[in-house]
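Here's a quick tour of a protein and a small molecule bound to it. Have a look at the sequence and the structure first, then read on.

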Amino acid sequence: MFMVERMVEPIFKRLVIIGIGLIGSSITRGARAYGGIADKIVICDTSPAALARAEELGLGDEYTSDPAKAVAGADGVILCAPVGTYAALAQAIAPHLAPGCVLSDVGSTKQSVMQDITPFVPANVAFVPAHPIAGTEFSGPDAGLADLFRGRWSLLTPPAGTAEAAIVKIETMWKILGAQTARMDAAHHDRVIAIVSHLPHLIAFTICGTADDLAGETRGEVLQFAASGFRDFTRIAASDPVMWRDIFLNNKDALLEMFARFSEDAQAMARAVRKGDADYIEDKINRSRKIRKSLIDIKQA
Ligand SMILES: NC(=O)C1=CN([C@@H]2O[C@H](COP(=O)(O)OP(=O)(O)OC[C@H]3O[C@@H](n4cnc5c(N)ncnc54)[C@H](O)[C@@H]3O)[C@@H](O)[C@H]2O)C=CC1
Ligand SMILES: O=C(O)C(=O)Cc1ccc(O)cc1
């Protein structure tokens, strides 16, 4: 059961969500459902279709495609677009941010986001980068869920010297949305997330492509006889291409490091198969089962 000390006043008077897709619309839905986050929600998206759909769904109080207009007078701004857009967005909104405003984001990479945004942040604005470790393979304003973040983590990577009150505002917002929060260094974040999220996506995109390349021989059968293991990969591989292109390109070093380690381990497994090393194969599978069990135990705790 999560406990958040509800403030009499909501955290933000005017909260701007830039990018009303899966994550942005989950925040606005949660803000509406649980209260205590914002008096007024302003939605900004450069896609006319996404903006119109957000308005139809009643996800906010005001709607605009102009980020500079959106942030004027706001005390909270959260970037929820793909990470490749953050530098240009930061540059566009920076001159219009009000003194005391808290700027945050939900990007899946943290070193690149901080490098892209920090140079534009005015001295009287606090920047509190965050990353909710929750999502689905779906995207767009229809995909959001008020309880998407419930029971999940949101990782904060505030730069040294960030005002504590601003960090607490973002932590409180995530706690109201049902997430646990942790603070960490951005470089550490990027390495951890590279192995638990970015590399698995790279593998899923690749294995679907490899199966498809075998078209003449097996494609029909892949689709027809796909067992749940392959289906699990296709779920992950159905994720948004622009979002994942940006993640891969913006966490390049950590992703390539984890890929190199994974390749070595995959080669070792292939070698064991070739040599008929039954003990090696069985040991590795036993280790994987233990990891799966410990994840389920954590979830049930
Ligand atoms: N999908 C997931 O499972 C998770 C995604 N994230 C991060 O959240 C962010 C958003 O991801 P999703 O909500 O899944 O994406 P999405 O594709 O559902 O939505 C992104 C929205 O941003 C809009 N957009 C694109 N460029 C823009 C710009 N320059 N200005 C304003 N709006 C713009 C798009 O039109 C779209 O409506 C990404 O940075 C991603 O790395 C973080 C955690 C989980
Ligand atoms: O749906 C899945 O399997 C995910 O892994 C969701 C996800 C995608 C991107 C993130 O930065 C965090 C979580």
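How far from an oxygen atom of ligand 2 does a polar side-chain atom of His131 lie? In this predicted model, the distance is 2.6 Å. Two other side chains also put a polar atom by an oxygen of the ligand, Ser108 and Arg235. Here are the three side by side:

| Side chain | Distance to an oxygen atom of ligand 2 |
|---|---|
| Ser108 | 2.7 Å |
| His131 | 2.6 Å |
| Arg235 | 2.8 Å |

These three belong to a longer list of residues around ligand 2, which also takes in Ala134, Gly135, Thr136, His201, Met243 and Trp244.

Now for the protein itself. The chain splits into domain 1, residues 12-184, and domain 2, residues 188-297. Their centres, taken over C-alpha atoms, sit 30 Å apart. Where they touch, 18 residues of domain 1 are in contact with 15 residues of domain 2. That buries about 1300 Å² between the two domains, with carbon and sulfur atoms giving 63% of the area.

What about polar links across the interface? There is 1 salt bridge between the domains, and 6 residue pairs are in polar contact. On the domain 1 side, helix 5 (residues 111-117) gives the most, with 3 residues. That side of domain 1 is made up of 5 nonpolar, 10 polar and 3 charged residues.

Arg235 is worth a second look. Besides its polar side-chain atom 2.8 Å from an oxygen atom of ligand 2, Arg235 forms a salt bridge with Glu137, at 2.7 Å from N to O.

Technical notes
Residues numbered from 1 in each chain as written. Chains lettered and ligands numbered in written order. Predicted model: local features only at pLDDT ≥ 70, side-chain atom pairs only at ≥ 80, totals over all residues. Heavy atoms only, no water. Domains from an automatic or database assignment. Contact = heavy atoms within 4.5 Å. Buried area = accessible area lost by both parts, 1.4 Å probe. Salt bridge = Lys/Arg side-chain N within 4 Å of Asp/Glu carboxyl O. Polar contact = N/O pair within 3.5 Å; in protein donor to acceptor, adjacent residues only side chain to side chain. Helix = DSSP H or I, 4+ residues; strand = E, 2+ residues; numbered from the N terminus. Nonpolar A, V, L, I, M, F, W, Y, C, P; charged D, E, K, R; others polar. Near = heavy atom within 4 Å.
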